[in-house]
Amino acid sequence: MSLSEEIQRRRTFAIISHPDAGKTTLTEKLLLYGGAIDRAGSVKAREGGAAAHSDWMSIEQERGISVTSAAMQFEYQGRAINLLDTPGHQDFSEDTYRALTAADAVVMLLDCAKGVEEQTKKLFRVASERKLPIFTFVNKLDRPGREPVELIDEVEELFGLHAVPMTWPIGSGTDFKGVYVRATGQIQVFERAKAGQKARVAGKGGLDDPEIAALLTPAELQQLKDDVDLMDHVLPAFDREAFLRGEQSPMFFGSAVNNFGVSEFLEEFLELAPAPGARPLMNGGEVQPEQPFTAFVFKVQANMNKAHRDRVAFARIVSGRFERGMDALHVREKKSIKLNYPHMFFGRERQIVDEAYPGDILGLINPGLFRIGDVLSAQGAVEFHAVPRFSPEQFASVRLADPGARKGFLKGLGQIAEEGVVQVFWPKGGAPLPILGAIGRLQFEVLQHRLKEEYACPVLLESRGFQMARWIEGGWPEPSRFWGELVEDAEGNPAILFENDWQRRTTAEKCPGLTFLEHPPK
Ligand code: G4P
């Protein structure tokens, strides 16, 4: 296959959702379609229960795939699909945001009873800043939930995004019967499965098909005809260009756990989602996917397993054909390196790959060589826009178990922070130990674990009451005109940590000459 055929058949995306909306379940169904796993339940063993989630090691064991891989590839109908992992809930961290920098499209998964939830909003913001096209999948239609039109309005009100239904549910809760696929005018009626059994399709047909009339009640069929009329005449028509610009979101309805509406979604997704495209460069211009090989690192994952303490850097290929053993310029290090053992992940399997293409995610064994944002290139020094750092929401101070180990601690902290595990803030005016920032507490647990295991430097972490960091532009605030704690980040940029939004607002009012940024200056 030619390079451009390989590019055209690739789809690289991430699912964003609030915990419990059904992301794991949907992922599993997609992988089942792709033959990447052979039975449901193999993505995440759930026996550990919620308690185990706060412990990094158990997460690693329990989740297998999620923590140790950043993306999984599967094939479906001739397409190569890369599904990026975006861990949720307690595992929620900057990694989750960064995964979106490697995606070409996003699926926003909503629970039909809960609609848009907190974590979905945060992830949506990042996806829309990157102008990623966003699909919406409304899940759990087999449970009582909100009216589809209400959910369409909510997405529009919160995000200014026009959700355009591509499928439409017939009934909901215990009366959920199936979906109508607008593109084909076909109805799929599902057979409700008994507990523990897989759902089946009871029948297919158009709105006027006798087979469908036999499977739905006259009232259900009439309601569906009215709904179709509403969609066709009142709601805006789907416009692929508007979708690609991030203005419209094609919306699907289903039930992941019952496998209702999932293949209908997957098939349209593959048609509508964009193939890997050009990526802008720092100094203007862009790299086209057909150009020679380039890739950037968006995640560095330490394998917590002591038996093989490898560190994997995950790189998204932007352009060109990758071949195992090829040489590429490590742009930051200004040296050529041989890419010998690139891995890719297929369900539970980790395999060495010989070839890979734009959109694919390579796992590179990383002997401390890669940092987040590093670029590999077979076309000389290129620089993509930096992989962003995000404003931390959790803070902790550090105490050393052995006060004499400060030097080792600083070395370890420096190296681990470079990988993007935590953010480091030094209190202004000099302090022997920093304050650490993260999006999720798991990041602190990873740091603590690694300092102990890799640097023999056990530390105690103490939660701090700060809720946000803001980077200051325009100098330091005058004494007595600010609330919060003045700090410098690891690069020496002035910042301030606030305990609440009142402190932030009041400080901003008292220091009109200064700007308080949510992200570090680029
Ligand atoms: P997450 O990764 O987004 O956190 O969600 P996950 O897939 O783990 O799903 C959360 C819960 O919602 C699970 O139930 C799952 O079975 C259920 N679920 C997912 N999709 C559907 C759906 O379409 N309909 C219904 N009714 N439930 C759904 P659980 O009780 O937490 O776990 P389990 O023991 O059932 O696996």
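These are my notes on the domains, sheets and ligand shell of a predicted model.

**Ground rules.** I count residues from 1 along each chain, as its sequence is written. As the model is predicted, I take local features at pLDDT of at least 70 and side-chain atom pairs only at pLDDT 80 or more, while totals for chains, interfaces and linings use all residues.

**Domains.** I looked up the domain assignment, whose bounds come from an automatic or database source. The assignment gives domain 1 (13-273), domain 2 (280-377) and domain 3 (394-517). The centres of domain 2 and domain 3, taken over C-alpha atoms, are separated by 30 Å.

**Ligand shell.** I counted a residue as near the ligand if its C-beta atom, placed from the backbone, lies within 6 Å of it. There are 18 residues around the ligand, and G22, K23, T24, T25 and S255 come nearest. Helix α2 (residues 23-33) gives the most to this shell, with three residues; helices (H or I, at least four residues) and strands (E, at least two) are DSSP runs numbered from the N terminus. I sorted the shell by class and got four nonpolar, eight polar and six charged residues. In this sorting Ala, Val, Leu, Ile, Met, Phe, Trp, Tyr, Cys and Pro are nonpolar, Asp, Glu, Lys and Arg are charged, and the others, Gly among them, are polar.

**Four-stranded sheet.** I traced an open, antiparallel sheet in the order β7-β8-β9-β10; strands pair if DSSP finds at least two bridges between them. β7 (167-170) and β10 (200-206) are the edge strands with a single partner each, so one side of each has no neighbour in the sheet. Neighbouring strands are turned by 20° against each other on average, direction ignored. Axes are lines fitted to C-alpha atoms, for helices over the stretch in contact, with angles from 0 to 180 degrees between N-to-C directions. β9 (residues 186-191) pairs with β10 over six bridges, and Q188 stands opposite K204 in β10. Helix α9 (residues 218-233) packs on the sheet, touching β7 and β8 (178-181), and its direction makes about 155° with that of β7. Contact here means C-beta atoms, placed from the backbone, within 7 Å.

**Strands β15 and β22.** I found five bridges joining β15 (residues 311-319) to β22 in the antiparallel sense. R316 stands opposite I361 in β22. Four of the five residues of β22 (residues 361-365) are buried, that is, with 20 or more other C-beta atoms within 10 Å of their own, all placed from the backbone.

**Eight-stranded sheet.** I read the order of this open, antiparallel sheet as β27-β24-β26-β25-β29-β30-β28-β31. The twist averages 40° from one strand to the next.

Terms used: Contact = placed C-beta atoms within 7 Å. Buried ≥ 20, exposed ≤ 12 C-beta atoms within 10 Å, placed from the backbone.
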